[in-house]
Amino acid sequence: MIKVSLAKGDGIGPEIMDATLSILNAAGADLTFEEIEVGEKVYLSGNSTGISDEAWETIRRNKVLLKAPITTPQGGGYKSLNVTMRKTLGLYSNVRPCRSLHPFVTTKHPEMDLVIIRENEEDLYAGIEHQQTDEVVQCLKLISRPGCEKIVTYAFEYAKKYSRKKVTCFTKDNIMKQTDGLFHQVFDEVASRYPEIINEHWIVDIGAALVADSPEDFDVIVMPNLYGDVVSDIAAQITGSVGLAGSANIGEECSMFEAIHGSAPNIAGKNVANPSGLLNGAVMMLNHIGKSDVAEKIQNAWLRTIEDGVHTNDIYDPIMSTKRVGTKEFAEAIITNLGNKPKQLPEVFYEDNTPLVLPKYQRKPSKTKNVVGVDLFVDWNGYDANVLADQLKKLNNEALELSLITNRGVKVWPNGFSETFCTDHWRCRYLAKDGEDLSKESIIDILKSAISNNIDAIKTENLYTFDGVRGYSLGQGQ
Ligand code: NAD
């Protein structure tokens, strides 16, 4: 019998998990569950990670986890356990289907049927943040080539497996040319290997607006972590309720299934939450572990229950609904419908029992990397960049020369504008005088010289070329 780790979570978690389990059992899923304790109780017991070593062991042993939402306590600097779990277990692909159930669930978008494939391990969710000056904090946005290749390939393989016609990519590469630029570049590379699937790219702001306005124009959408988080909540909500959508987190070895929504503390313990999101996550899990017959039976019973107008409060509509029910009663109605098919909504057929898991990523050969300069970040509470430049020029050495100062990314020296608002956080770019590969000793010399000249250097960032291609952005206005 297949063993699955189970976390009942916080807030509405236990209610929607009990409802989901009652349906899985009644449908004959025939699974053994090993329950683990994670989340709020664990955090508040003094374990700042929200999860014990034993729970990690159970998850790693069983490989598959069904998880209800978790509350991350506010304040106290607790890290989100959801993000930690996705990253620690290498669950790089977050699959979030959002489909409208028109006319049974009220929505402005009756034709909507899209799948968001969200990168799950990197981007700003690395959570690497620092306060560097009185006025400025930073968060590192990390995007890797393996991360991009894995998620974009997953999106195209998903489209192929499930006969989807188009894959759309959202990025903000007009601004972030290195990070989002890499994601877009990899998208174009991978797309060229799937000529039978249409591909397109939108800048994320207009892309998100189009999803909100005409979601029926989209099929599969792939995007970096943060945009995927935001856009998938929008997509789920406009189908009728954020409580409807499930989510699969897939890695090379482990997988985790959940609802896309959070622990909804505002309705916890009232038997009013919609268990559909978690149930749909569980249906994805059943498909993943090869129990597609049970997945199909549950999904069709769920669709039929929605058609019957038996609705939880979040999707209740006086015209389309016949009965407003609680979490438990909704689950009971689904159980009664096991074996029944929807009459009007399309019946589902899950014929293919094989999970979509891509082969392990193979690292590519390295490029030739040359260091050609350094960005020295300085904490300075003056206002006139010319004054700072005069001090910084003293640090020039045989190999390096000051070429640019920016403040929050915009050029303020040479030839800055007096209108530009400046904080106490300055990026000072030194470039190799002869443009060739530098000795790192020259960078250390600049730093030493900064210290002896009372310049508060807060960090350095080396500037590289890779196979001769510039690996850093220019200053805005440069
Ligand atoms: P939320 O998704 O919990 O709630 C947003 C709104 O949607 C609330 O009005 C809520 O009542 C409603 N809602 C959510 N799920 C519903 C359901 N199944 N049925 C009916 N209505 C539902 O978002 P939030 O309030 O921003 O976050 C609450 C907590 O959840 C936070 O601690 C957050 O960190 C956590 N969270 C956890 C996860 C996860 O475990 N995967 C995801 C997101 C947020």
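Which polar backbone atom is 2.8 Å from an oxygen atom of the ligand? In this predicted model, that atom belongs to alanine 264. The protein covers 67% of the 810 Å² of accessible area that the ligand has on its own. The points below take the ligand site, and then an open, antiparallel sheet of 6 strands with two helices, H12 and H13, packed on it.

**Ligand site**

- The ligand is surrounded by 21 residues, and the closest are Ile70, Gly262, Ala264, Asn266 and Asn274.
- Sorted by class, this shell holds 8 nonpolar, 9 polar and 4 charged residues.
- Isoleucine 70 has a backbone N or O atom 2.9 Å from an oxygen atom of the ligand.
- Histidine 261 places a polar side-chain atom 3.2 Å from a nitrogen atom of the ligand.

**Sheet order and edges**

- The strand order in the sheet is S17-S16-S18-S15-S19-S20, and the pairing is antiparallel.
- Strands S17 (410-413) and S20 (469-470) stand at the edges; each has a single partner strand, so one side of each is left without a neighbour in the sheet.

**The S17 end of the sheet**

- Strand S16 (residues 400-407) runs antiparallel to S17 and is joined to S17 by 3 bridges.
- Asparagine 407 has valine 410 in S17 as its bridge partner.

**Helices on the sheet**

- Helix H12 (residues 385-393) packs on the sheet and touches strands S15 (369-379), S16, S17 and S18 (425-432).
- The direction of H12 makes about 155° with that of S16.
- Helix H13 (residues 440-452) also packs on the sheet, where H13 touches S15, S16, S18 and strand S19 (456-466).
- The direction of H13 makes about 10° with that of S15.
- Strands S15, S16 and S18 are among those touched by H12, and H13 touches these strands as well.

**The S20 end of the sheet**

- S15 and S19 are paired in the antiparallel sense over 10 bridges.
- Within this part of the sheet, valine 378 stands opposite alanine 457 in S19.
- S19 also pairs with the edge strand S20, in the antiparallel sense and over 2 bridges.
- Phenylalanine 466 stands opposite valine 469 in S20.
- S19 and S20 form a hairpin with 2 residues between the strands, and aspartate 467 takes a positive phi near 50° in this hairpin.

How values were computed:
Residues are numbered from 1 along each chain as its sequence is written. This is a predicted model: local features need pLDDT of at least 70, side-chain atom pairs count only at pLDDT 80 or more; totals for chains, interfaces and linings use all residues. Side-chain values use heavy atoms; hydrogens and water are left out. A residue is near a molecule or strand if one of its heavy atoms lies within 4 Å of it. A polar contact is a pair of N or O atoms within 3.5 Å; within protein, one must be able to donate a hydrogen and the other to accept it, and residues adjacent in sequence count only if both atoms are side-chain atoms. Accessible areas come from the Shrake-Rupley method with a 1.4 Å probe; for residues, only the protein chains shown count as cover. Ala, Val, Leu, Ile, Met, Phe, Trp, Tyr, Cys and Pro count as nonpolar, Asp, Glu, Lys and Arg as charged, and the others, Gly among them, as polar. Two strands pair if DSSP finds at least two bridges between them. Helices (H or I, at least four residues) and strands (E, at least two) are DSSP runs, numbered from the N terminus. Contact means heavy atoms within 4.5 Å. Axes are lines fitted to C-alpha atoms, for helices over the stretch in contact, and angles run from 0 to 180 degrees between N-to-C directions.
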